[in-house]
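Welcome, and thanks for opening your viewer. Let's walk through this model together, one selection at a time.

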Amino acid sequence: ALQRTLEFEEELAEKFGGGTRSKDAVDDNEETERSGNKSQTVSDIRKKYEKKLAAHDGSQHEEQDGQKDSSVPGAGFNFRGIISSCFEPHLSVYIELEEKTLMDSLEKEMLEETWEIEEGSQTNILSSSIKVFVIIRRSLKRCSALTRNQTLFNLFKAFQKVLKAYATKLFARLPKGGTGIVAAATGIEGQIKTSDKDERVICYIVNTAEYCHKTCGELADNVSKLIDAQFADRVDMSEVQDEFSAVITKSLITLVHGIETKFDSEMAAMTRVPWSTLESVGDQSDYVNGINLILTSSIPVLGSLLSPIYFQFFLDKLASSLGPRFYHNIFKCKQISETGAQQMLLDTQAVKTILLEIPSLGKQTAGAASYSKFVSREMSKAEALLKVILSPIDSVADTYCALLPEGTLTEFQRLLELKGLKKADQQSILDDFNKRGSGISQPTIMAPSSAPNTSIAPVITNAAASPGAITSRDDVLTRAAALGRGAATTGFKRFLALTEAAKDRKDGPFRKLFNG
């Protein structure tokens, strides 16, 4: 009925509206004039002069009536809306039907979604997203042909609901972690297991959500141009875009958690290595090869499917997870001998190299500098920890404070256990550590028993004041570096290198070995 009414109003405007004919009609007449066609019909000629007459009459009305609005019915014979506007308050039924149709179409598309990309596709986005926006555009075209007032704005709000529902369905497709009593009892709550297909689907969801985020903005721009000016400022898709942004973030975090879960078995294998009984240092351990295999099978695919900005986000999250995790996993091991620490240090350097090669593996090296810096910083902590384990007992506190100034007492105590020290032997070292305060820059003064006891001492003491004290922080760092360089050699060769260096010194803990 509304469509027929609009057509009737158009006929009235065409026949009796004077200069109020539609822009399309005016354009048609202008085109006819420009064409210079000599075979014009009588109707064409009449329209031409009606236009001129209407313009002439309009100028006379303006002179007589001043500011009188010629668009008011009766003043300029504007028939548009004088009948059809009566429909506007009652078009909520039409909007409800459109919304139901859109929701039903969405459900149908999701049922038919294969969560795979058609072969040869260059976009790597799900077909359902393209079809949803095609359906929305058709709905917009239908409505804008009928009305561009409140009803069109209400339809726009229906579009928002449909797109939010689509974002929710994308979110629901992401792999979920373990939950419930069993998961809590086994300690795997929150872990997310992802297959190779799951990783591809997550990438498709990321790309699809990005496409929807962009297309939502374009849809809002189109509606703003079509709708009456009084509603244009209220056309906003920011809430819907936020929904799709949340899907992107959650997807990438899920991707990281899935990779983390794949590392679980390798981290467990690392703790099962008999570090206390290793007889020699060899090639990198099997768990390192396992880590490398996981990354070489996943990263190339992720790099080919994700855009640079999201691949970089994924890398940053992965680095912030794996670096600290590897560090804390060292504390989960049992006793670590000197040879075991050397082997683990070699493994740590191998893992660091593997992580640094991830951007190249994914063929996305843009922004790799910040990632590499972060990986190097995090993995250097694990290297520093192992160098502390390699240090002699009488200088372990100094080395720990120098290499890990942010370390805690609990962590230091666990480190002593890794070195194989018994509780009774640990106490004196722990007392010495407590006296050092926040780090090596503030060690305890080796003062006589009659001197007042202080927990934070001045800067470094000199060798004359205490023959057993370390002379400087640089000295500690130099020795620790020597420990790291010896990781690829046997323990005996490293010991010889250190003792030869100690013979040339007149002070320090190593000199005690030759003082008898």
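Start with the whole protein in view: of its 516 residues, 42% count as buried. What you are looking at is a predicted model. Switch to a cartoon drawing, and you have 20 helices and zero strands to explore. How much of the contact in the protein comes from residues 24 or more positions apart? Among contacts with a separation of 6 or more, such residues account for 74%.

**Stop 1: two helices side by side**

Select α8, which covers residues 196–226, and colour it. Then give another colour to helix α10, residues 238–272. The axes of α8 and α10 are 9 Å apart, and the two helices pack at an angle of about 165 degrees. Angles over 145 degrees count as roughly antiparallel, so that is the word for α8 and α10. Their crossing is left-handed.

Now show side chains where the two helices meet. On the α8 side, the contact residues include Ile202, Cys203, Ile205, Val206 and Ala209. On the α10 side, look for Phe244, Val247, Ile248, Leu252 and Leu255, among others.

While you are in helix α10, pick threonine 261. Threonine 261 counts as buried because its relative accessibility is 14%, and the cut-off for buried is under 20%. Leaving out residues up to four places away in sequence, threonine 261 touches Gln191, Ile192 and Lys193.

**Stop 2: aromatic rings**

Next, show the rings of the aromatic residues. How many aromatic pairs are there? The count comes to nine.

For one of them, select phenylalanine 133 and tyrosine 211: their ring centres are 5.9 Å apart, and with 90 degrees between the planes the pair is edge-to-face. Phenylalanine 133 belongs to helix α5 and tyrosine 211 to helix α8, so you can return to a helix you have already coloured; the pair links parts of the chain 78 residues apart. Is each partner buried or exposed? Phenylalanine 133 is buried, with a relative accessible area of 1%, while tyrosine 211 is partly exposed at 24% relative accessibility.

Now move to phenylalanine 153 and phenylalanine 231. Their ring centres lie 5.8 Å apart and their planes are at 25 degrees, so this pair is stacked. Phenylalanine 153 is in helix α6 (residues 150–173) and phenylalanine 231 is in helix α9 (residues 229–232), so the pair ties together parts 78 residues apart in sequence. Both phenylalanine 153 and phenylalanine 231 are buried. Add Phe156 to your selection, and you have one aromatic cluster made of Phe153, Phe156 and Phe231.

**Stop 3: the loop between α4 and α5**

Select the loop between α4 (92–112) and α5 (127–144), and find tryptophan 115 there. Before you look closer, here is a handy piece of background: most residues other than glycine have a negative phi. Tryptophan 115 has a positive phi, near 60 degrees, and is not a glycine. It counts as buried because its relative accessibility is 12%.

What sits over the ring of tryptophan 115? Show arginine 173 to find out: its charged end sits over that ring, 5.3 Å from the centre.

Stay in the loop between α4 and α5 and move along to asparagine 124. Asparagine 124 also is not a glycine, and has a positive phi of about 60 degrees. With 17% relative accessibility, asparagine 124 counts as buried.

**Stop 4: a threonine and a lysine**

Jump to helix α13 (residues 338–356) and click on threonine 348. Is threonine 348 buried or exposed? At 0% relative accessibility, threonine 348 counts as buried. Setting aside neighbours within four places in sequence, threonine 348 is in contact with Phe326, Met379, Ala382, Glu383 and Leu386.

Finish at lysine 363, in the loop between α14 (358–361) and α15 (368–390). Lysine 363 counts as exposed because its relative accessibility is 77%. Select leucine 302 as well: lysine 363 and leucine 302 are 61 residues apart in sequence, and their C-alpha atoms are 9.8 Å apart in space.

Key
Residues are numbered from 1 along each chain as its sequence is written. This is a predicted model: local features need pLDDT of at least 70, side-chain atom pairs count only at pLDDT 80 or more; totals for chains, interfaces and linings use all residues. Side-chain values use heavy atoms; hydrogens and water are left out. Helices (H or I, at least four residues) and strands (E, at least two) are DSSP runs, numbered from the N terminus. Buried means under 20% relative accessible area, exposed over 50%, partly exposed in between (1.4 Å probe, protein chains only). Rings of Phe, Tyr and Trp (its six-membered ring) pair if their centres lie within 6.5 Å; planes under 30 degrees apart count as stacked, over 60 as edge-to-face and the rest as tilted. A charge sits over a ring if NZ of Lys or CZ of Arg is within 6 Å of the ring centre and within 35 degrees of the ring normal. Axes are lines fitted to C-alpha atoms, for helices over the stretch in contact, and angles run from 0 to 180 degrees between N-to-C directions. Angles under 35 degrees count as roughly parallel, over 145 as roughly antiparallel, 65 to 115 as roughly perpendicular and the rest as oblique. A crossing is left-handed if the near helix is turned anticlockwise from the far one by less than a right angle, and right-handed if clockwise. Contact means heavy atoms within 4.5 Å.
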